[in-house]
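Please look through the structure shown here, beginning with an open space at its surface and ending with a strand inside it.

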Amino acid sequence: MESSAKKLSSLRITSLDDDDDETEVPHQPPPAGPSAAAADYEDDDDEDEEVEVTLGVLSKPKHPGLLLRHLFPSKAGGIPAWLDPVNLPSGKSSCCGFCGEPLQFVLQIYAPIEDNVAAFHRTLFVFMCPSMACLLRDQHEQWKHKHGNPCRSVKVFRCQLPRSNTFYSAQPPKYDGSDKPLCPGAPVCHWCGTWKGDKICSSCKKARYCSEKHQALHWRTGHKNDCLQIISSSAASNSVLPAVGKVPASTSWLEFEIKIDYEGTFDSDSGDENNSKSLVMQRHGKPDAMMQSWMDQFEADADNKCWASFQERVSREPKQVLRYCREPNAKPLWALSSGCPSNADIPSCSYCRGPLCYEFQLMPQLLYFFGVGNQPDSLDWATIAVYTCQGSCDQSVSYKEEFAWVQLYPTTTRR
């Protein structure tokens, strides 16, 4: 039992090499200083001092029951498996700061911290407004944190619990079908299945919603008939009103399990192929004067150089949708040198006022798996880096909002 508990207190997501075995991802102690926040691109030439980066890739779950909250999953799309199922984010926290619509669930990562008793269970949740117009505004607002609380269309919440809590057993899950949560969660919206259902249908008194918009959408897509059946039935049953999660909203993204591997297991190309000049070098012979001049210009262009490095790193595992590393000297893999934050651009923790540290980033490949189109107004990003409280502080709020930095492609920012 001791070894099982130790496994549970680490980042427990399934290995790509063996679907039946669980891989323990080693967690480093929290950074000693704020140097793990963002660094200017010039420092990236040092190849990140060989930190171990965990890559997340998506896989269809073998069974939906494996992604329930009491099994502490790491997942993308669908509806969130809330760690604290009762005290959910509400009000403006659950909505886009620009259009005011409820945010859509992107992914969650189960990432406990071994030497923090308050974070025996710890999950990070990412939400986003599906509007590209809002993301464009978000990319500009993120620079304004020094002048108050900027509006955001990308939000990250951290929730953590001690081993002994009111929601789950202190013993690790058995994964044999017998695992159950200790208590039910708060009723959630019947349309999105994500946010707390504070609003109740005035007719049937059964359906719950997080917003008037979701109530209207649910009414037009089927609840109008269900509502009449419930009212006319002398003994309304749960079968009349579909259970949340079994009939997900058409706007939710496809659901996947997040599986992991380590970037170090993928060998990078050796020799000159790691050099940005090799991308334009002909197979035989030396470059002529014109080619040499073009290569020198390419090498001098910081964005092109950064993009070449980004492409090379990503090509080691093209299906990666997530890069995770909470080591003290870890930093994001930026796609471009422009639009990168400096240390001063990363705010302090909103709760304990301590420093934030880089923890993980979302890759643009995630949009492909979600089936996002390639139209001019489709959602798109180069990368989204997430910074969390270095000490993973334990405050009274169940879901603490962390900081996300959005980097867009230059062609996107000119829309």
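The lining of the second largest pocket divides into 17 nonpolar, nine polar and seven charged residues, where Ala, Val, Leu, Ile, Met, Phe, Trp, Tyr, Cys and Pro count as nonpolar, Asp, Glu, Lys and Arg as charged, and the others, Gly among them, as polar. This is a predicted model, in which local features need pLDDT of at least 70 and side-chain atom pairs count only at pLDDT 80 or more, while totals for chains, interfaces and linings use all residues. Residues are numbered from 1 along each chain as its sequence is written, and side-chain values use heavy atoms, with hydrogens and water left out.

A pocket is an open set of points on a 1 Å grid over the protein atoms alone, with protein on both sides within 12 Å along at least five of seven lines, and its lining residues have an atom within 4 Å of a point. The largest share of this pocket's lining, five residues, comes from strand 14, strands being DSSP runs (E, at least two residues) numbered from the N terminus.

Strand 12 (residues 356–362) is largely enclosed by the rest of the structure, because seven of its seven residues are buried, that is, under 20% relative accessible area with a 1.4 Å probe and protein chains only. Strand 12 pairs in the antiparallel sense with strand 11 (residues 322–324) over three bridges, pairing requiring at least two DSSP bridges between two strands, and Leu 322 stands opposite Leu 362. Six bridges join strand 12 to strand 13 (residues 383–389), also antiparallel, with Leu 356 opposite Cys 389.

Notes
Buried means under 20% relative accessible area, exposed over 50%, partly exposed in between (1.4 Å probe, protein chains only). Helices (H or I, at least four residues) and strands (E, at least two) are DSSP runs, numbered from the N terminus.
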